[in-house]
Structures are given as structure tokens and as C-alpha cells.
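I opened this notebook to keep track of what I looked up, beginning with the pocket and ending with the packing around it.

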Amino acid sequence: MSSRVGELRKLSPDTVDAYRMAGGAGAKTGHLDEKTRELISLAVAVTTRCDGCIAVHSAKAVQEGATREEIAEALGVAVAMNTGAAVVFSARVLDAVDSVEGAR
């Protein structure tokens, strides 16, 4: 993955540089410690289904001292967010069905 990102950077340096800048911007505030940022990153990686992010942020979370239990708790938040989104979008389906039925 790293070599491909390096290749992308050669082809489109501004794109990759902007990604890196955005990724590091939040860390500059110093309000969250790095372990917490990595736990959040893992939960987001799961919800966005990014294999590369899962690999990178799993390693970083462990390096920052995250325990399996802390990682599991963060993943539980990701699961809850995904199921919550499914419930919300299910309600939207009911709205769409009502709209279709009302148009008949």
C-alpha cells in the first residue's frame, strides 16, 4: 500500500500532500492524546470499510499502548454507529415508500 501511495504522490503530489495535511491537522490542537486519536481512527476505519486504514491504525494504536479491550470498546462504538445509521436510513425508506404510495 505504501508504495502505491508513493506512486500516487508522484502522479498527484498535491492530492497526497493535502491528505497528509488534513490527517495531521487535528493532532496539532493537542486536546486528544495519540492513543485516543488512534482508537477513533480505528472506529472510523471500520465504518468506512478501509482495509488500509485498519492495518495502519491497528499498528499505531498498539504502538500507542491501546489494549485489546480498549480497541474492542472502540469497535463497539463503530458497530453501534453503523447499526444506528441503518435504523435511520430504514426510516428514510419508509418516507420514500409513503411518498410513492401517496403519489398513486
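Entry 1, the pocket. I worked on a predicted model, and I asked first which residues line the largest pocket and which of them lie nearest its centre. I found a lining of 21 residues, and those nearest the centre are Tyr19, Cys53, Val56, His57 and Lys60. I then looked up which elements give two or more residues to this lining, and noted helix 1 (2–11), helix 2 (13–25), helix 3 and helix 4 (51–63). Helix 3 gives the most, with seven residues. For the volume I wrote down about 700 Å³, and by class I recorded ten nonpolar, six polar and five charged residues in the lining.

Entry 2, histidine 57. I turned to this residue, which is listed among those nearest the centre of the largest pocket, and placed it in helix 4. Is histidine 57 buried or exposed? I noted a relative accessible area of 15%, and histidine 57 therefore counts as buried, the cut-off being under 20%. Setting aside neighbours within four places in sequence, I listed Glu38, Ser41 and Leu42 as the residues in contact with histidine 57.

Entry 3, glutamate 38. I followed the first of these contacts to glutamate 38, which lies in helix 3. Its relative accessibility is 4%, so I entered glutamate 38 as buried too, under the 20% cut-off. With which side chain does the side chain of glutamate 38 make a polar contact? I found that the partner is the side chain of histidine 57, at 2.5 Å. Not counting residues up to four places away in sequence, I noted that glutamate 38 touches His57, Lys60, Ala61 and Glu64. I also checked the C-alpha to C-alpha distance between glutamate 38 and alanine 74, and wrote down 9.7 Å for two residues that are 36 apart in sequence.

Entry 4, the nonpolar core. I next looked up which residues make up the largest nonpolar core, and listed six: Leu39, Leu42, Ala61, Ala66, Ile71 and Ala74. Helix 3 (34–48) and helix 5 (68–102) each supply at least two residues of this core. I then took alanine 61 as the point where my entries meet, since I wanted its contacts on record: with residues up to four places away in sequence not counted, alanine 61 touches Glu38, Leu42, Ala66 and Ile71. Alanine 61 thus touches the buried glutamate 38, and I closed the entry with Leu42, which belongs to the core and is also in contact with histidine 57.

Technical notes: Residues numbered from 1 in each chain as written. Predicted model: local features only at pLDDT ≥ 70, side-chain atom pairs only at ≥ 80, totals over all residues. Heavy atoms only, no water. Core = buried A, V, L, I, M, F, W, Y, C linked by side-chain atoms within 4.5 Å. Buried < 20%, exposed > 50% of the residue type's maximum accessible area, 1.4 Å probe, protein only. Helix = DSSP H or I, 4+ residues; strand = E, 2+ residues; numbered from the N terminus. Contact = heavy atoms within 4.5 Å. 1 Å grid on protein atoms, 1.4 Å probe; cavity = no way out; pocket = protein on both sides within 12 Å on 5 of 7 lines; lining within 4 Å. Points joined across faces, edges and corners; volume = space filled by probe spheres on them. Nonpolar A, V, L, I, M, F, W, Y, C, P; charged D, E, K, R; others polar. Polar contact = N/O pair within 3.5 Å; in protein donor to acceptor, adjacent residues only side chain to side chain.
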